Amino acid sequence: MSYKDYQLDEIFNMSRKNVKPNDIPEEQFLHYSIPAYDNGEKPLLERGASIKSNKYLLKEPSILVSKLNPRINRVWKFDNEDKNKINSICSTEFMVYERKSSDIDLEYYYQFFKSKIFQRYLLNLQSGSTGSRMRVSPKDTLSIPIPKPTKKQQQKIAAILSSVDETIEKTEQIIEQTETVKKGLMQQLLTKGIGHTDFKSSPLGEIPRNWEVLKVNEFAIVDYGISEAVSNNTDPNIGIPIITGANITLEGNLDLTKQVYVKKREQERFQLNKGDLLFNWRSGSQKHVGKTAIFNLDDEYTYASFILKIRVNDDCNNKFYYHLLNYLKSIQYFSKDTSVQVNFKLNASSFRELLLMKPPLEEQKEISSRIDSINDKIKFEEQKIRMLNNIKQGLMQQLLTGKVRVPIDDNEGVPS
């Protein structure tokens, strides 16, 4: 049986204590803002002089819920521990819910307000002129039904969900650390190779003596794709799917969520083989120039004009050049050859003239294998996070509402 529901305003007060930080310019404020939330959920310490608009003053333990664009889940817990020496404030885009009584566990309701259960209520209450500026009226939220288990039940449920959050956070830290290691490893492997002690100067910097520096057209065939407007061609009956720049992610993967189609061309230059590299040479954003994916699909595809198909020779490893091109993009190697007109673009006709390093084939394979190994570790941890998030969503649905009751031992110590 589910927990009994109460109206939100039976459990929380809506706080609207105002403050004008700019009136006390030398005062320090811990500022809970929308940008700070989106940038890692860490409030910023700012002087009053730099805060121009009115804010809500935070004094009592409370939960902050964004009223702006509820499809984006922004929920903060303010417990005011060790913050009494600093004035804490938040954006008026947050709704500030202060608990009415001591039998309310803030962590439990923090978890509840973060849940899809509560978010669905907010989405039903939102209104606005555009999808990006939708808002919830704070007074409308006060009648939202929310459960109220006993204090011990709240604490036990919060402890379970918080433990999952901690595991997710630790896994995210592992990914972040592994990404840092990967950057250093790629720089070392792709510029210094494996086990070399003898180096030489080159147009690309100091490289192992037995590495060559060649123009792309000396070790690969490069072709341009089909020049045709295809953005609205979503009907599969048109012909075959065409890969565009939008299908290549910044991480160098193929994302075929949005697929467009084009009439089949008989010319061999437009055909894709497994192992072909797809290099995005032109984009409306400079950060997308140089992103590269490997074509490894069974079905018949072709590719658009803003993509170069790179087919390396037999004495080259395609995965090595996949890693190399994405690494060069990450260090903005292609930016020096990028001009700004209507779009950012690498001069396509000069791509074949680009200088790239060419290690011996066996070393290319070993370098590629080592980078793949660390990528596999990152993917494993990312998969773990997806699994943990799924587990947590299931737990929230069951535990927060009381569909599944947590056992409470009167002798069990639960933090207050």
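Strands, labelled β here, are DSSP runs of E at least two residues long, numbered from the N terminus. The structure on screen is a predicted model.

**Stop 1: Lys274.** Select Lys274, which sits in the loop between strands β17 (260-262) and β18 (277-280). Now show its surroundings. Leaving aside residues up to four places away in sequence, Lys274 touches Phe295, Asn296, Leu297 and Asp298. Add Asp298 to the selection: 24 residues separate Lys274 and Asp298 in sequence, and their C-alpha atoms are 7.7 Å apart in space. Which side chain makes a polar contact with the side chain of Lys274? That of Asp298, at 2.6 Å.

**Stop 2: Tyr37.** Go next to helix α2 (residues 34-38) and pick out Tyr37. Is Tyr37 buried or exposed? Its relative accessible area is 9%, so Tyr37 is buried, because the cut-off for buried is under 20%. Show the contacts of Tyr37: Asn73, Arg74, Val75 and Trp76, again not counting residues up to four places away in sequence. For a long view, select Ile226 together with Tyr37. The two are 189 residues apart in sequence, and the distance from C-alpha to C-alpha is 43 Å.

**Stop 3: the cysteines.** Select Cys90, which has 0% relative accessibility and therefore counts as buried. Then move to Cys316, also buried, with a relative accessible area of 8%. How many disulfides does a search of the whole structure find? The search finds 0. A disulfide is a covalent bond between the sulfur atoms of two cysteines, and there is none to display in this model.

How values were computed
Residues are numbered from 1 along each chain as its sequence is written. This is a predicted model: local features need pLDDT of at least 70, side-chain atom pairs count only at pLDDT 80 or more; totals for chains, interfaces and linings use all residues. Side-chain values use heavy atoms; hydrogens and water are left out. Helices (H or I, at least four residues) and strands (E, at least two) are DSSP runs, numbered from the N terminus. Buried means under 20% relative accessible area, exposed over 50%, partly exposed in between (1.4 Å probe, protein chains only). Contact means heavy atoms within 4.5 Å. A disulfide is a pair of cysteine sulfur atoms within 2.5 Å. A polar contact is a pair of N or O atoms within 3.5 Å; within protein, one must be able to donate a hydrogen and the other to accept it, and residues adjacent in sequence count only if both atoms are side-chain atoms.
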